[in-house]
Amino acid sequence: MKFTLSWLKEHLDTTASVEEIVETLTDIGLEVEEVVNPAEKLRAFIIGKVVSAEQHPDADRLRVCQVETKDGVQQIICGAPNARAGITVVVAHPGTYVPGIDTTIGVGKIRGVESHGMMASERELELSDEHTGIIELPSGEVGQSFADWLAKNDPGRVDPMIEIAITPNRQDALGVHGIARDLAARGLGKLIEKPVEPVPGKFPSPVGVTIDADALNDAPHFTGRVIRGVKNGPSPAWLQARLKAIGLRPISVLVDITNFFTYDQNRPLHVFDVDKMLGDLRVHRAKGGESLLALDGKTYTFAEGQLLISDANGVESIGGVMGGEETGCTEETTTVFLESAWWDPIRTAFTGRDLKINSDARYRFERGVDPAYTLPGLEAATQMVLDLCGGEASEVVEAGAPVETARSFSLDTKRVQSLVGMSIPKAEQVGYLTALGFTPEGDGDVLEVGVPSWRLDVHGEADLVEEVARMASLTKLEPQPMRRPKSGVPEPILTPMQLRERAARRTMAALGYNECVTYSFIDKASAELFGGGDDAARLENPISTDMSHMRPALLPGLLQAAARNQARGFGDLALFEVGAAFHGGEPGEQHLLATGLLIGHSGPRDPHGARRPVDVFDVKADAEAVLAAMGAPAKVQILRGARDWWHPGRHGMICLGPKKVLGVFGELHPKILREMDVKGPAMAFTLWPAEIPMPRKATASRGALAISDLQAVERDFAFVVDARVEALDLVNAASGADKALIDDVRVFDEFVGGSLGEGRKSIALTVRLQPAEKTLTEEEIDAVGRKIVEKVGAATGAVLRG
């Protein structure tokens, strides 16, 4: 919404500066987007007086003028025919930028004579197209700023233009009068009310109006009248200047009047050339297929239900959106029908959207125009037409009736404190509401507030509180700390599971993984590869066939992301995701997972051109690091038996027991990679944060580091077992021989065949014993060794190698 300062002052009696007005507008919710002040570009020009003007010695059309300025008498060469002694002029000193000729003035020689500046014409200052001579001022003091002189003597030339952003709920601010009302309510001046006097009709209107019964809901009120004997032509200079200042092109006085009321009172109007019409006007719904050449030069075809205005010739206008070219006004127009109607906002929006028409009328009607100003708007526009175009007006023709907008809401004046946090006295609240056009009534704290017809956005007590608050200024709102529900140290905000989720994310990011956020929906084929894809997890209304099922795991999404990256030339990938997977379709049938994926190489090439591909031990180390960050116990077991999407011989389950699985790590099965179109091998891990036991004592700090001051003891054991026995079975069996003393078990050697015989192998283990209370004796160490041999032998059939 654009307007000028002088335009605003026709509705607001104020002495406030542009800066004060701009600051206040933003403060009351009408955010200022731009201010264009013509005086700024004229600030460098000053007033001077020509002392003498003599003929240039080498040029017939040039004069050598001596001009008195603030810097003394300066010599200026001028070619204007009106340059003469005694006139008051506008001077541009050297270094001044002249906008009309896009030049910065300097000291120069013209035909051998120095010139120290320039005397400007109106075109050179972009004040008008006049350039036959330099500006002659009727008054002014030497050295005075020309911008200040204009502001005092001809303010229209330096009228600032202000543009504000209008939110959809402030349709009343789409007219200058509505903006002035808000500023007056804030106390920045006094609102100038202009009562509208009915214009008596001189004759019955030869054009009648009807509204079809099925259109009354969307076009409830239509008024108009014929004005004959008008003279259409260019608008007066003040009206053209006003429209140009806000970016509108003056067309003719009749059209410009309708545009003026659109911006002045938020009242769109339309004028029909009666001589091009046939019969009466009818407001009706389109049957579908009708067409109209509109004022924008485009032909529109209408769908069933859209609102149209037609005469006997056919469609002449689109209700609330745009008029037709056929009945548009020209300079030959002498008789017009002036229309002022109210159109339903929703229907107007649908019609404009369907036809892809953006017009000032549509912009206002779809937000809501004051229904009560339909007839007064017609009367005010009629008077302006008679004043500027002459002629005489007919009696008003009216169809339908004004929309009933009378409504009121209760306002508890104490609600401002609870809703906004500001303490505003009741009398002040009543004053704000009254100034905005509301009618508050009541003696107690609870008021009954009538809502004016132009505030279609007010629907309850909260809206009334908002009006009071923005008038009082939210900048006065003092921040207050929220009260704690309980005294003392506040309880943690994050749950233990949220803390684990955060720890998992941070740890994987620190390990060099890139986080992915994939869809919770995947295709059925991918879901079936990871144990899902059943009807329980199927979506009833998927957004696409590739998102038909809830994901049973996070690996499908990560593998799809890896495939897309590989297709674009990125072969080395480290991806992770923390999120929910679903084992059913009911609420609660989901579980939290933390999954990582490694593909390619562990790093760039070394100086010898070699680099190592990622392997199972990379993801094992990363999985253990993430588990440790989430608080998992340090002592765990590695078991086999994971699901079939893991490589059968290259994976491990991290367990606290046979039935307590914390996670799985290893290489993904080649068939899974083929189905997902991923170039392998691919290493991954999946962790279940919820399976990690909760600490027995929840403390805010980390526990003390437990380090034994007793010397550890290591013993080596070489076992001969069947070649099919896995080393992991021996490690697990040895670890369980004495959980209190055995700190670590590691494999350090493997020998197959040879003197052991066919199908036999030797596996050597190092067992580390860490006493906690006293140094171990040789007998105690031997006893633990015997337990290890017995436990491993019982679990795997191994015997000590001789």
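This passage walks through two helices, a surface patch, a few unusual backbone angles and the salt bridges of a predicted model.

A good place to begin is helix 10, which covers residues 374–389. This helix contains 16 residues, and the distance from its first C-alpha to its last is 22 Å, close to the 22 Å expected at 1.5 Å a residue. Many readers will want to know which of its residues are hidden from the surface. The buried ones are T374, G377, L378, E379, A380, A381, T382, M384, V385, L386 and C389. These residues pack against strand 16 (221–228), helix 6 (237–245), helix 7 (253–264), strand 24 (335–342) and strand 25 (392–393). Just after helix 10 comes G390, with a positive phi of about 75°.

Helix 14, spanning 496–510, can be read in the same manner. It has 15 residues and reaches 21 Å between its first and last C-alpha atoms, close to the 21 Å expected at 1.5 Å a residue. Buried in helix 14 are R500, A503, A504, T507 and M508. Looking down the axis of helix 14, these buried residues fall within an arc of 120°, so they line one face of the helix. On the face turned away from this buried side sit the exposed residues R506 and A510. The cover over the buried residues of helix 14 includes strand 33 (573–582), strand 34 (590–599), helix 17 (616–629) and strand 38 (682–687). Helix 14 is followed by G512, which has a positive phi near 100°.

The surface also deserves a look around helix 14. I493, L494 and L499 form a nonpolar patch there, with about 300 Å² of accessible area together. One member of the patch, I493, belongs to the loop between helix 13 (461–472) and helix 14. With a relative accessible area of 79%, I493 is over the 50% cut-off and therefore counts as exposed.

Some features of the backbone can be spotted through its angles. R111 is not a glycine, yet its phi is positive, at about 55°. This residue is found in the loop between strand 10 (107–110) and strand 11 (113–116), and R111 is exposed, with a relative accessible area of 54%. E126 is another residue other than glycine with a positive phi, here near 60°. It lies in the loop between strand 12 (118–119) and helix 4 (146–153). E126 has 44% relative accessibility and counts as partly exposed. A further backbone feature is the peptide bond from G680 to P681, which is cis, with omega near 0°. P681 is located in the loop between helix 18 (670–675) and strand 38.

Attention now turns to charged side chains. The count of salt bridges comes to 43. In one of them, the side chains of D172 and R455 meet at 3.6 Å, N to O. This pair links distant parts of the chain, 283 residues apart: D172 is in the loop between strand 13 (161–164) and helix 5 (176–186), while R455 is in the loop between strand 29 (446–450) and helix 13. Both D172 and R455 are buried. The two residues also take part in a network of salt bridges that links R170, D172, D182, R455, D457, E467 and R470.

Another salt bridge brings together the side chains of E667 and R650, at 3.2 Å from N to O. E667 lies in strand 37 (residues 660–668) and R650 in strand 36 (residues 646–657), so the pair ties together parts that are 17 residues apart in sequence. What surrounds the partners can be read from their accessibility. E667, at 9% relative accessibility, counts as buried, whereas R650 is partly exposed, with a relative accessible area of 43%.

A third example is the salt bridge between K787 and D738, whose closest N and O atoms are 4.0 Å apart. This pair also links distant parts of the chain, 49 residues apart, with K787 in helix 20 (residues 778–796) and D738 in the loop between helix 19 (727–735) and strand 40 (742–752). K787 counts as partly exposed at 41% relative accessibility, and D738 counts as buried at 14%.

Methods: Residues numbered from 1 in each chain as written. Predicted model: local features only at pLDDT ≥ 70, side-chain atom pairs only at ≥ 80, totals over all residues. Heavy atoms only, no water. Patch = residues over 30% accessible without salt bridge, like charges linked within 9 Å, V, L, I, M, F, W, Y side chains within 5 Å. Areas by Shrake-Rupley, 256 points an atom, 1.4 Å probe, with all protein chains shown as cover. Helix = DSSP H or I, 4+ residues; strand = E, 2+ residues; numbered from the N terminus. Buried < 20%, exposed > 50% of the residue type's maximum accessible area, 1.4 Å probe, protein only. Expected span 1.5 Å × (residues − 1). Arc of directions from axis to C-beta. Contact = heavy atoms within 4.5 Å.
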